[in-house]
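Dear colleague,

I am handing over a structure for you to look at, with the sequence beside it. Please open it first, and then read the notes underneath.

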Amino acid sequence: HAVVSSDRVRFGSKSAQTSDGFGLTFLCTGQGSQYPQMGRKLFETQTVFRRALEQCADIVDPYLEAPLLSVMYPGDAEDSRIHQTAFAQPALFALEYAMAMLWREAGVKPEAVIGHSVGEFVAAHLAGVFDLESGLRLIAERGRLMQSLGEPGGMAVIFAPEDEVTPHLAAHKNRVVLAAVNGPNQVVISGYRDAVADIVGLLDEDGVMSHVLQVSHAFHSPLMKPIVHEFEQFAAQFEYFEPEITWISNLTGKAVEKASDVGAGYWARHILEPVRFFAGVTSLWEQGARQFLEIGPAPVLSNLAKRCVPKRSEDGRVTSFLTSIDAELDDWSSLLNTAAKLYCDGATVDWQGLDGSESGVLLRLPTYSFERTRHWPKAADMKSFGG
């Protein structure tokens, strides 16, 4: 395994950002996007990716009931431990960290980061708020405590604006709350299953579409309260720093400026309060962000973000949303396609660094020069072509 280092990631500084906004924003995906074998092809072929995952495993394995890599890449096709909260959270953190390291090796670096729930821990680390070991220990303890809760609860996606859904929560005070605002017409509610079902039923009668989520627990709801104090005490032992690049908070939808804003109390609130993803993406777009790259295992946030902001700004700049990998596609092909799109959009890509494989072979163009001679048929010869 690689040597473990507690150094914070260095992607640059806010002072290096261009005057017309951000060059690239990383989207860090949250829980629910995980699946067995995610990133397996990259793990087998890309040295940087593999070493980063092994580094995470070295740190977090002492705090898990099973080795992280055995859960992410099980030999048994029926092994579904990756979906258990205690494993899903550190697995997503590790995969997204490894993906960020692979992109960094290719010279692709973010000037801003935003996560969604669990993904916020990765975003904070990439922004330099805490080192790798602190981030992994925080997310492992968070997952463990959530897994220990007995009441599973329920969650549902409601395809309606926040102000249209909020009045329905009043009748179920402290039983169902707003868990996330993902877009102008999409929110998530969370709480006791019967109360969630009641609200879904009432909205259905009004013609509002919804989808009940298959989740292990009611995240970002009062059902999380029994673990909040213990987690805050645990989080208090770590050191937090001022973000070195722009990091958009889930709690406010705005950039975090000071280290004092992201201490143990912040991460305790993070367990209970709603994810303000819509506000966060809107804030980034208003500041000039036009290029977003999801570093999670599936195109979840990129699809949500598309619904949050205009496709094109008044100055004609197109807003693009790219993904790193997708369960439906080959990992390496997906990554290369995205790298090509970034390159065409003007990004500098270190192709040698991106390839970084032990078995891959780079193909080069022929070394001979082309004659560049035109070959147009003469008018007298046109009859031979049916003219």
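The notes below take up the nonpolar core, one helix and the largest pocket.

This is a predicted model, in which local features need pLDDT of at least 70 and side-chain atom pairs count only at pLDDT 80 or more, while totals for chains, interfaces and linings use all residues. Residues are numbered from 1 along each chain as its sequence is written, and side-chain values use heavy atoms, with hydrogens and water left out.

A nonpolar core is a set of buried Ala, Val, Leu, Ile, Met, Phe, Trp, Tyr and Cys residues joined through side-chain atoms within 4.5 Å, where buried means under 20% relative accessible area with a 1.4 Å probe, protein chains only. The largest such core has 106 residues, and F49, M72, W103 and W247 have the most contacts inside it. Helix α4 (residues 85-105) gives the most to this core, namely 13 residues (helices are DSSP runs of H or I, at least four residues, and strands runs of E, at least two, numbered from the N terminus). A second, separate core of 16 residues includes A156 and V187.

Helix α6 is mostly covered, with 12 of its 17 residues buried, among them L132, E141 and R142.

The largest pocket (on a 1 Å grid over the protein atoms alone, an open set of points where a 1.4 Å probe fits, with protein on both sides within 12 Å along at least five of seven lines) is lined by 36 residues, those with an atom within 4 Å of a point. G30, Q31, G32, H116 and L213 lie nearest its centre, and α6 is one of the elements that each supply at least two lining residues.

Best wishes

Notes. Buried means under 20% relative accessible area, exposed over 50%, partly exposed in between (1.4 Å probe, protein chains only).
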